[in-house]
Amino acid sequence: MIQLRGMQMHRFLMKVLHEKQPVEIIYVSDKQNITQRTILVHEMNPNYIRAYCFLRKQNRLFKLDNILSVFPIKQKEPYIS
């Protein structure tokens, strides 16, 4: 698993936004609850990202400062016989 932070995280989120690829994030809420979520980024600004959250099954607004890490979804290897 490759975890990204800071500028690497921002560049990676911009990439998945343009490629329309879901990613995994570790997120801490304002109430200090930590969750792992799969999201599909729709929009980014300097402070927030708007994304579809597969955990909550709805569009959500995520504070960039509250994203502890982001990493690509591990693709399952095809079965070869």
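# Exercises on a Predicted Single-Chain Model

Read along the sequence, the elements of this chain follow the pattern α-β-β-β-β-β. The model is a predicted one.

## Exercise 1. The sheet

Determine how many helices and strands the chain contains, and in which order the strands lie in the sheet.

*Solution.*

1. The secondary structure consists of one helix and five strands.
2. The five strands form an open sheet in the order E4-E3-E2-E1-E5, and their pairing is antiparallel.
3. The edge strands are E4 and E5, each of which pairs on one side only.
4. From one strand to the next, the twist averages 45 degrees.
5. As a general point, strands of a sheet pair through backbone hydrogen bonds, either parallel or antiparallel.
6. For a closer view, consider E3 and E4, which run antiparallel and are joined by six bridges. Tyr52 stands opposite Asn59 in E4.

## Exercise 2. The nonpolar core

State how many residues the largest nonpolar core has, and identify the element that gives the most to this core.

*Solution.*

1. The chain has 81 residues, of which 33% count as buried.
2. The largest nonpolar core has 18 residues. Those with the most contacts inside this core are Leu13, Val23, Ile25, Ile39, Val41, Ile49 and Phe62.
3. Two or more residues each come from helix H1 (6-19) and from strands E1 (23-28), E2 (34-44), E3 (48-53) and E5 (67-72).
4. H1 gives the most to the core, with five residues.
5. Take Leu13 as an example: leaving aside residues up to four places away in sequence, Leu13 touches Val23, Val41, Met44, Leu64 and Val70.
6. For the chain in general, consider contacts between residues at least 6 apart in sequence: 44% of them join residues at least 24 apart.

## Exercise 3. Two aromatic pairs

Classify the ring pairs Tyr27 with Phe62 and Tyr52 with Phe54, and decide for each residue whether it is buried or partly exposed.

*Solution.*

1. A search of the whole structure finds two aromatic pairs.
2. The ring centres of Tyr27 and Phe62 are 5.0 Å apart and the planes stand at 85 degrees, so this pair is edge-to-face. The cut-off for this class is an angle over 60 degrees.
3. This pair links distant parts of the chain: Tyr27 belongs to strand E1 and Phe62 to strand E4, 35 residues apart.
4. Tyr27 has a relative accessibility of 9% and therefore counts as buried. Phe62, with a relative accessible area of 1%, is buried.
5. The ring centres of Tyr52 and Phe54 are 4.9 Å apart with planes at 85 degrees, so this pair is edge-to-face.
6. Tyr52 is partly exposed at a relative accessible area of 25%, and Phe54 counts as partly exposed at 38%.

## Exercise 4. Positive phi angles

Locate Lys20 and Lys57 in the chain, give the phi angle of Lys20 and of Lys57, and decide whether Lys20 and Lys57 are buried or exposed.

*Solution.*

1. Lys20 is found in the loop between H1 and E1. Its phi is near 55 degrees, a positive value in a residue other than glycine.
2. Lys57 is placed in the loop between E3 and strand E4 (58-63). Lys57 has a positive phi of about 55 degrees although it is not a glycine.
3. A residue counts as exposed when its relative accessible area is over 50%.
4. Lys20 has a relative accessible area of 63%, so Lys20 is exposed. Lys57, at 63% relative accessibility, therefore counts as exposed.

Note on methods: Residues are numbered from 1 along each chain as its sequence is written. This is a predicted model: local features need pLDDT of at least 70, side-chain atom pairs count only at pLDDT 80 or more; totals for chains, interfaces and linings use all residues. Side-chain values use heavy atoms; hydrogens and water are left out. Helices (H or I, at least four residues) and strands (E, at least two) are DSSP runs, numbered from the N terminus. Buried means under 20% relative accessible area, exposed over 50%, partly exposed in between (1.4 Å probe, protein chains only). Contact means heavy atoms within 4.5 Å. A nonpolar core is a set of buried Ala, Val, Leu, Ile, Met, Phe, Trp, Tyr and Cys residues joined through side-chain atoms within 4.5 Å. Two strands pair if DSSP finds at least two bridges between them. Axes are lines fitted to C-alpha atoms, for helices over the stretch in contact, and angles run from 0 to 180 degrees between N-to-C directions. Rings of Phe, Tyr and Trp (its six-membered ring) pair if their centres lie within 6.5 Å; planes under 30 degrees apart count as stacked, over 60 as edge-to-face and the rest as tilted.
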